[in-house]
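Trainee: Could we go through this one together? I keep meeting labels and I'd like to know what earns them.

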Amino acid sequence: MEYLILILIGLFAAALGSLVGIGGGVIIVPLLIFFGIDNDFISNVTPQSAVGTSSMVLIFIGLSALMSYGRSNQVDRKNGFLFMMGIIPGALAGAYLSSLFTTDSFKLYFGLFLILLSLILIVRDRIKPLSLFQDERYVRPHVDNMGNVYHYGFPPYIAIIGSFVAGMTAGLFGIGGGAIMTPMMLILFRMPASIAIGTSMLLVFFGALSSATGHLLQNNVNFLHALFLVPSAFVGAKIGVFLNQKFDSDTVVAVLRTVLLLLGIYMIIQSFL
């Protein structure tokens with residue numbers, strides 16, 4: 001039963017995460033805590049092992065989705081390199097800071113983060129992209145998978161600072177960074193959704209790689225759990241990319257933000273019990 005639950009978690013989290021460009025860690029971590037710490041269906045789960053193991057799994061989710069999005073020209077590689085300069089050190093720093101969490105404090109802060117993320121997903125499509133950070137000196141054309149040409153550009157230091165913050169959340173909570181970077185790219189950097197989601201998976205891969213490295217050095221990765229999560233997550237990520245390219249994702253995003261809101265409320269309540 002334990003291994004079946006792990007397989008289902010990997011499939012579900014990766015498919016949903018790849019579909020909307022957030023990686024899947026925001027689903028993996030709370031489900032590991034729910035089935036492991038709260039209900040004891042999965043053995044040997046701590047907040048740190050949930051985060052570390054999630055980071056390890058997200059390497060493969062990010063790689064799987066990145067390969068697919070890259071083939072369809074949905075990855076902005078030039079700006080992605082700038083984002084990597086921030087997300088890699090941010091994720092390493094976050095991985096070490098995560099050791100400060102107790103079980104209750106982790107549930108509280110992660111629950112608050114999930115609620116914040118749910119609210120971001122609610123307003124994401126209602127807030128018009130801001131021109132505040134657009135700079136004509138850096139504007140370049142980019143052609144998406146449908147042949148549409150977009151023009152956008154922003155100062156490199158803004159990209160690095162923003163991605164560093166996203167990297168910190170990746171290391172702290174095992175989410176890969178996509179949950180923060182996708183809305184940031186859409187709203188602040190005015191990137192079209194198809195390119196933002198594809199580029200986000202590039203950052204999920206490198207954010208997770210950096211976060212997992214930090215957690216490996218602290219022995220926070222449960223390799224037995226990863227053994228079942230990784231293959232199912234790799235397949236799930238392919239399913240998510242396929243659905244992204246075939247269907248409108250608005251309904252899925254609506255379901256995701258509701259799930260995140262409920263998970264956040266649940267974890268906050270559990271932190272006080």
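Mentor: Sure, and let's start with a cut-off: exposed means over 50% relative accessible area, buried means under 20%, and partly exposed is in between. Keep in mind that this is a predicted model.

Trainee: Why is Asn219 called exposed?

Mentor: Its relative accessible area is 71%, and the label needs over 50%, so Asn219 counts as exposed. You'll find Asn219 in the loop between helix 8 and helix 9 (223-246).

Trainee: What is the phi of Asn219, roughly?

Mentor: About 60 degrees, a positive value, although Asn219 is not a glycine. Asp40 also has a positive phi, near 60 degrees, and is likewise a residue other than glycine.

Trainee: How do you know whether Asp40 is buried or exposed?

Mentor: Same recipe: set 63% against the cut-off of over 50%, and Asp40 comes out exposed. Asp40 sits in the loop between helix 2 (25-38) and helix 3 (47-71).

Trainee: And what makes His215 buried?

Mentor: Buried means under 20%, and His215 has 0% relative accessibility, so the label fits. His215 is part of helix 8 (residues 193-216). Setting aside neighbours within four places in sequence, its contacts include Gln48, Val51, Gly52, Ser55 and Ala95. Asn220 and Val221 are among the contacts of His215 too.

Trainee: Why does Phe106 count as buried?

Mentor: Phe106 has 1% relative accessibility, which is under 20%, so Phe106 is buried. Phe106 belongs to helix 5. Beyond residues within four places in sequence, Phe106 is in contact with Val29, Ile33, Pro47 and Val51, among others.

Trainee: What makes those count as contacts of Phe106?

Mentor: The test for a contact is heavy atoms within 4.5 Å. Leu172, Phe173 and Met267 are also among the residues that pass it with Phe106. For a distance of another kind, take the C-alpha atoms of Phe106 and Ile59: they are 22 Å apart, with the two positions 47 residues apart in sequence terms.

Trainee: Why is Phe133 called partly exposed?

Mentor: Its relative accessible area is 23%, which is neither under 20% nor over 50%, so Phe133 falls in between. Phe133 is in the loop between helix 5 (103-124) and strand 1. Not counting residues up to four places away in sequence, Phe133 touches Gly153, Phe154, Pro155, Ile158 and Leu188.

Trainee: Which residues line the second largest pocket?

Mentor: Phe154 turns up again, along with others including Asp76, Lys78, Arg140, His142 and Tyr152. The volume of that pocket is about 190 Å³. Helix 4 and strand 1 each give its lining at least two residues.

Trainee: How do the lining residues divide by type?

Mentor: Six are nonpolar, two polar and three charged. Tyr and Pro count as nonpolar, so Tyr138 and Pro141 belong with the nonpolar ones.

Trainee: How do you know where the prediction is most and least confident?

Mentor: Compare the mean pLDDT values: confidence is highest in helix 4 (residues 77-97), at 93, and lowest in strand 1 (residues 140-143), at 80. For the chain overall the mean is 87, and 96% of the residues reach 70 or more.

Trainee: What does UniProt list for residues 49-69?

Mentor: An unreviewed UniProt entry lists them as one of its transmembrane regions. In the model that span is 100% helix, and its end C-alpha atoms lie 30 Å apart.

Conventions. Residues are numbered from 1 along each chain as its sequence is written. This is a predicted model: local features need pLDDT of at least 70, side-chain atom pairs count only at pLDDT 80 or more; totals for chains, interfaces and linings use all residues. Side-chain values use heavy atoms; hydrogens and water are left out. pLDDT is the predictor's confidence in each residue, from 0 to 100. Helices (H or I, at least four residues) and strands (E, at least two) are DSSP runs, numbered from the N terminus. UniProt positions are given in the numbering used here, feature names are shortened, and annotations may be inferred rather than shown by experiment. On a 1 Å grid over the protein atoms alone, a cavity is a set of points where a 1.4 Å probe fits but cannot get out, and a pocket is an open set with protein on both sides within 12 Å along at least five of seven lines; lining residues have an atom within 4 Å of a point. Grid points are joined across faces, edges and corners, and a volume is the space filled by probe spheres set on the points. Buried means under 20% relative accessible area, exposed over 50%, partly exposed in between (1.4 Å probe, protein chains only).
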